[in-house]
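Let's take a guided walk through a protein model, one piece at a time. Keep the 3D view open while you read, and turn it as you go.

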Amino acid sequence: KDKFKDTNINLKQKEILGRPKVEPSKSLLKASINNEISVCITGAGGSIGSELCRQIINMEPKYLIMIDFCEYNLFKINQELEKINTKKTTLITQLKNAEDELSLEETFKKYTVNLIIHAAAYKHVEMVEKNPLDGLRNNLLNTKSICNAAIKTKVKKMILISSDKAVRPTNIMGGSKLLSELIVKSYAHNKKSSTKFAVVRFGNVIDSSGSVIPIFRKQIKNGGPITVT
């Protein structure tokens, strides 16, 4: 422990994974996003939402609407995107709770949103386990509000970013994501709606807040021990 405590260790993801990085397919992205499309990301300041914003701005949509409840996270991603924006995309930041259905309707209508990617959620297992009602309320109600607002404003497509923990969930966070999937599925079966609904399950997103690699990196830098739970 003492031998390595003061060593400057920069642990890279590729050293752990042992496989090459898979780059996004631009042809697939451009099929959904172009300069006539308005895209809205909820949870845009989070680790997943912010990476989606970075990828999407390269496709130069007409509008990129970033919604987040955390002022600082929203400020950070907006500052970052302002530096790389080609000015073909208009960046819109909205500090709001994704549970506010009426406010969402106003936004979707004002910017004629075509695509919603819903990444806003509480995702830290331990925190949601300690605050189960707030975790369930947030993850379920914001999904329902977004689905309702999408239908009312005739958004073309809504995608829920779910979690691998929704598979046979053993914790409340995973259970809330599974229930969110079921909410989206129920809206997808609404034949009166023109909105298409989809769900994608993400696994452990490398270097996202609360994921194991930043924790391991810090533990190694401090000389250990490394905790595996």
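What follows is a short tour of the sheet, two of the helices, one loop residue and some salt bridges. Keep in mind that this is a predicted model.

**The sheet**

Start with the strands. Six of them make an open sheet, and if you walk across it the order is E3-E2-E1-E4-E5-E6, with parallel pairing. E3 (90-95) and E6 stand at the two edges, and each has a single partner strand, so one side of each has no neighbour in the sheet. Going from one strand to the next, the twist averages 15°.

In general, strands of a sheet pair through backbone hydrogen bonds, and the pairing can be parallel or antiparallel.

Now zoom in on E4 (residues 115-118). On one side, four bridges join E4 to strand E1 (residues 38-42), and the two run parallel. Val39 stands opposite Leu115 of E4, and Cys40 stands opposite Ile116 of E4. E4 is also joined to E5 by four bridges, again with the strands running parallel. Here Ile117 stands opposite Ile159 of E5.

Which way do the side chains of E4 point, and are they buried or exposed? Leu115 and Ile117 point one way, Ile116 and His118 point the other way, and all of them are buried.

**Two helices on the sheet**

Next, find helix H7 (132-152). H7 packs on the sheet and touches E1, E4, E5 and E6. The direction of H7 makes about 175° with that of E4.

Helix H8 (residues 172-188) is another one to look for. H8 lies across E5 and E6, and it runs at about 160° to E5. You can do a quick check on H8 yourself: with 17 residues at 1.5 Å a residue, the helix should span 24 Å, and its end C-alpha atoms are indeed 24 Å apart, so the two agree.

Which residues of H8 are buried? They are Met173, Gly174, Gly175, Ser176, Lys177, Ser180, Glu181, Ile183, Val184 and Tyr187. And what covers them? The cover includes helix H6 (125-130), helix H7, strand E5 (157-163) and strand E6 (196-202).

**A residue just before H8**

Asn171 sits in the loop between E5 and H8. Is Asn171 buried or exposed? Its relative accessibility is 18%, and because anything under 20% counts as buried, Asn171 counts as buried. Leaving out residues up to four places away in sequence, Asn171 touches Val125, Glu129 and Lys165. Look at the start of H8 too: a side-chain oxygen of Asn171 comes to within 3.4 Å of the backbone nitrogen of Met173.

**Salt bridges**

How many salt bridges does the structure hold? There are 11. Here are some of them, with the N to O distance for each pair:

| Pair | N to O distance |
|---|---|
| Lys88 and Glu60 | 3.7 Å |
| Glu82 and Lys87 | 3.8 Å |
| Glu99 and Arg137 | 2.2 Å |

Take Lys88 and Glu60, whose side chains meet in a salt bridge. This pair links distant parts of the chain: Lys88 is in the loop between helix H4 (71-84) and E3, Glu60 is in the loop between helix H3 (47-57) and strand E2 (63-68), and the two are 28 residues apart. Lys88 counts as exposed at 57% relative accessibility, whereas Glu60 counts as partly exposed at 22%.

Glu82 and Lys87 form a salt bridge as well. Glu82 is partly exposed, with a relative accessible area of 36%, and Lys87 counts as exposed at 61% relative accessibility.

Then there's the salt bridge between Glu99 and Arg137. Once more the pair links distant parts of the chain, with Glu99 in the loop between E3 and helix H5 (101-110), Arg137 in helix H7, and their positions 38 residues apart. Arg137 counts as partly exposed, at 32% relative accessibility.

Finally, look for Glu51, Arg54 and Glu80: salt bridges that share partners join these residues into one network.

Conventions
Residues are numbered from 1 along each chain as its sequence is written. This is a predicted model: local features need pLDDT of at least 70, side-chain atom pairs count only at pLDDT 80 or more; totals for chains, interfaces and linings use all residues. Side-chain values use heavy atoms; hydrogens and water are left out. The expected span of a helix is 1.5 Å times one less than its number of residues. Buried means under 20% relative accessible area, exposed over 50%, partly exposed in between (1.4 Å probe, protein chains only). Contact means heavy atoms within 4.5 Å. A polar contact is a pair of N or O atoms within 3.5 Å; within protein, one must be able to donate a hydrogen and the other to accept it, and residues adjacent in sequence count only if both atoms are side-chain atoms. Two strands pair if DSSP finds at least two bridges between them. Axes are lines fitted to C-alpha atoms, for helices over the stretch in contact, and angles run from 0 to 180 degrees between N-to-C directions. A salt bridge is a side-chain nitrogen of Lys or Arg within 4 Å of a carboxyl oxygen of Asp or Glu.
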